[in-house]
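This report describes how the parts of one chain are held together, taking in turn strand pairing, charged pairs and the nonpolar interior.

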Amino acid sequence: MPINRRLTTDQDFQDAQDRQLRIRVFHNSHMVESGATIVRFTEDKIITQSSVSDLTYHSRLECEFFELKKG
């Protein structure tokens with residue numbers, strides 16, 4: 001069964017980026033992205049990539065981010 005771990009701090013995002021973990025992104029309680037990796041983050045944006053040419057910019061304030069672990 002999959003286990004979701006919420007990513008909230010810079011350290012969480014750095015760890016997910018370094019380990020190229022797959023994440024899920026929710027906006028207004030709806031999943032808007034699944035299986036992407038973090039390529040960069042700032043204090044207000046998380047930039048994810050789900051394919052070679054597909055970069056997405058997500059607001060840290062408006063979205064929730066979860067690492068998807070297999071448990």
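Two strands are said to pair if DSSP finds at least two bridges between them. By that criterion, in this predicted model, strand β4 (residues 45-51) pairs with strand β5 (residues 54-59) in the antiparallel sense, over six bridges. The connection from β4 to β5 is a hairpin that passes through two residues, and within the pairing lysine 45 stands opposite serine 59 of β5. Strand β5 also holds tyrosine 57, which counts as exposed because its relative accessibility is 55%. Together with Val39 and Leu55, Tyr57 makes a nonpolar surface patch of about 290 Å².

Charged pairs form the next part of the picture. The structure holds six salt bridges, and three of them are set out below with the distance between their closest N and O atoms.

| Acidic residue | Basic residue | Closest N and O atoms |
|---|---|---|
| Aspartate 15 | Arginine 5 | 3.7 Å |
| Glutamate 67 | Arginine 5 | 2.7 Å |
| Aspartate 10 | Arginine 60 | 2.8 Å |

Which elements does the pair of aspartate 15 and arginine 5 tie together? Aspartate 15 lies in helix α1 and arginine 5 in strand β1 (residues 2-7), so this salt bridge ties together parts that are 10 residues apart in sequence. Aspartate 15, with a relative accessibility of 22%, counts as partly exposed, and arginine 5 is likewise partly exposed, its relative accessible area being 26%. The pair of glutamate 67 and arginine 5 ties together parts that are 62 residues apart in sequence, since glutamate 67 lies in strand β6 (residues 63-70) and arginine 5 in strand β1. Glutamate 67 counts as buried, at 2% relative accessibility.

The salt bridge between arginine 60 and aspartate 10 links distant parts of the chain, for arginine 60 is in the loop between β5 and β6 while aspartate 10 is in helix α1, 50 residues apart. Is arginine 60 buried or exposed? At 19% relative accessibility it counts as buried, the cut-off being under 20%, whereas aspartate 10 is partly exposed, with a relative accessible area of 45%. Salt bridges that share partners also join Arg5, Asp12, Asp15, Arg19 and Glu67 into one network. Of these network members, aspartate 12 lies in helix α1 (residues 10-18) and counts as buried, at 16% relative accessibility. If its neighbours within four places in sequence are left aside, aspartate 12 is in contact with Arg5, Arg6 and Leu7.

The interior can be considered last. In soluble globular proteins, nonpolar side chains tend to be buried together. Here the largest nonpolar core has 11 residues, namely Leu7, Phe13, Ala16, Leu21, Ile23, Val25, Ile38, Phe41, Ile46, Cys63 and Phe65. The elements that give two or more residues to this core are helix α1 and the strands β2 (23-27), β3 (30-41) and β6. Leucine 21, one of the core residues, is in contact with Ala16, Ala36, Thr37 and Glu67 when its neighbours within four places in sequence are left aside. Among these contacts of leucine 21, then, are both Ala16 and Glu67; Ala16 belongs to the largest nonpolar core, while Glu67 belongs to the network of salt bridges that share partners.

Definitions and conventions:
Residues are numbered from 1 along each chain as its sequence is written. This is a predicted model: local features need pLDDT of at least 70, side-chain atom pairs count only at pLDDT 80 or more; totals for chains, interfaces and linings use all residues. Side-chain values use heavy atoms; hydrogens and water are left out. Helices (H or I, at least four residues) and strands (E, at least two) are DSSP runs, numbered from the N terminus. Buried means under 20% relative accessible area, exposed over 50%, partly exposed in between (1.4 Å probe, protein chains only). Contact means heavy atoms within 4.5 Å. Patches are made of residues with over 30% relative accessible area and no salt bridge: like charges are joined within 9 Å, nonpolar side chains (Val, Leu, Ile, Met, Phe, Trp, Tyr) within 5 Å. Accessible areas come from the Shrake-Rupley method with a 1.4 Å probe; for residues, only the protein chains shown count as cover. A salt bridge is a side-chain nitrogen of Lys or Arg within 4 Å of a carboxyl oxygen of Asp or Glu. A nonpolar core is a set of buried Ala, Val, Leu, Ile, Met, Phe, Trp, Tyr and Cys residues joined through side-chain atoms within 4.5 Å.
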